[in-house]
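Work through the exercises below with the structure open. Each task is followed by a solution in steps.

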Amino acid sequence: MTPINTEESPREQAVLSCQALNKTYTEGPQKVQVLANINFEIFSGDRLAIIGSSGSGKTTLLNMLGGLDLPTSGSVKLAGKDYAQLNQKQRGQLRNQHLGFVYQFHHLLAEFSALENAAMPLLIAGKSMKQAKAQALELLKKVNMEKRAEHKPAELSGGERQRVALARALVTNPSCVLLDEPTGNLDQQTAAQVQALIRELAENSGTAFVIVTHDIELAEQQNRVLRLDQGQLLAV
Ligand SMILES: Nc1ncnc2c1ncn2[C@@H]1O[C@H](COP(=O)(O)OP(=O)(O)O)[C@@H](O)[C@H]1O
Ligand SMILES: [Mg+2]
């Protein structure tokens, strides 16, 4: 007799999950609800774009996903752990372990070379300088920047800085990368090149990508698009 497996196969754990997420900013007597009852999950390999007009709350949502700011109510969990249950140091460690970040403005450290910038998350995680630099060089190769490894950010173009920022975001092999308007500060041609690179990196890694953007072309390259509108996250 063939044994019947009655157990459901265990569902993969979400990398990130939001439950009943609300965010209200208080400015004196004024209260502004930016996010209203947001529920969604991100799984390994997902490529999600979140679009929305300026001021719709995209950066606010990304900051909640990254644990950089806490919700007014509801929960955000990274790898099953609720940010609100952790202290700041624990949040920092969890973030370093599981996430990478790319911003509109590269946020590279001016005093450090491209290689040192890309190595930084590994140094923070406690790797030796030698190992961190070796891994960072591998990532710089992936973004086609190894020839500029010793250059400082001021010596690089906008597109090159974003390449280094992508290398830094991916150097720890994170579960998820959060990108806030990654092409927002680039001219059209450079934006298209960075777009293509993001696509290639996303397709060749198990890392989930969550991209907040008003660049429709970049959004359409992802396999799921959601729109923030009046605090709600809607299917497109
Ligand atoms: N720290 C803050 N304090 C008060 N209001 C804020 C703060 N950050 C953002 N806001 C407000 O929240 C809304 C959403 O902002 P934001 O998340 O930056 O939007 P987006 O990234 O989509 O342009 C805006 O109305 C903005 O003015
Ligand atoms: Mg923003």
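The exercises concern one charged residue and two helix pairs in a predicted model.

**Exercise 1.** Describe the surroundings of R95 and state what its charge is paired with.

Solution. Start with the location: R95 belongs to helix α2, which spans residues 88-98. Next, check the accessibility: R95 is buried. Then look for a partner of opposite charge: the nearest such side chain is that of D69, at 9.5 Å. A salt bridge requires a distance within 4 Å, and R95 has none. Finally, list the contacts beyond four places in sequence: G66, G67, L68, L78 and F101.

**Exercise 2.** Classify the packing of α5 against α6 by angle and handedness.

Solution. Helix α5 covers residues 158-170 and helix α6 residues 188-203; their axes come within 10 Å and cross at roughly 20 degrees. Angles under 35 degrees count as roughly parallel, so α5 is roughly parallel to α6. The crossing is right-handed. On the α5 side, the residues that meet α6 are G159, Q162, R163, L166 and L170. Their counterparts in α6 are T190, Q193, V194, L197, I198 and L201.

**Exercise 3.** Do the same for α3 and α4.

Solution. The axes of helix α3 (residues 114-124) and helix α4 (residues 129-142) lie 8 Å apart, at an angle of about 120 degrees. Roughly perpendicular covers 65 to 115 degrees, and roughly antiparallel begins over 145; therefore α3 is oblique to α4. Here too the handedness is right-handed. The α3 residues in the interface include A114, L115, E116 and A118. Among those they meet in α4 are M129, A132, K133 and Q135.

Conventions:
Residues are numbered from 1 along each chain as its sequence is written. Chains are lettered from A and ligands numbered from 1 in the order in which they are written. This is a predicted model: local features need pLDDT of at least 70, side-chain atom pairs count only at pLDDT 80 or more; totals for chains, interfaces and linings use all residues. Side-chain values use heavy atoms; hydrogens and water are left out. Helices (H or I, at least four residues) and strands (E, at least two) are DSSP runs, numbered from the N terminus. Buried means under 20% relative accessible area, exposed over 50%, partly exposed in between (1.4 Å probe, protein chains only). Lys and Arg count as positive and Asp and Glu as negative; His and the chain ends are not counted. Contact means heavy atoms within 4.5 Å. Axes are lines fitted to C-alpha atoms, for helices over the stretch in contact, and angles run from 0 to 180 degrees between N-to-C directions. A crossing is left-handed if the near helix is turned anticlockwise from the far one by less than a right angle, and right-handed if clockwise.
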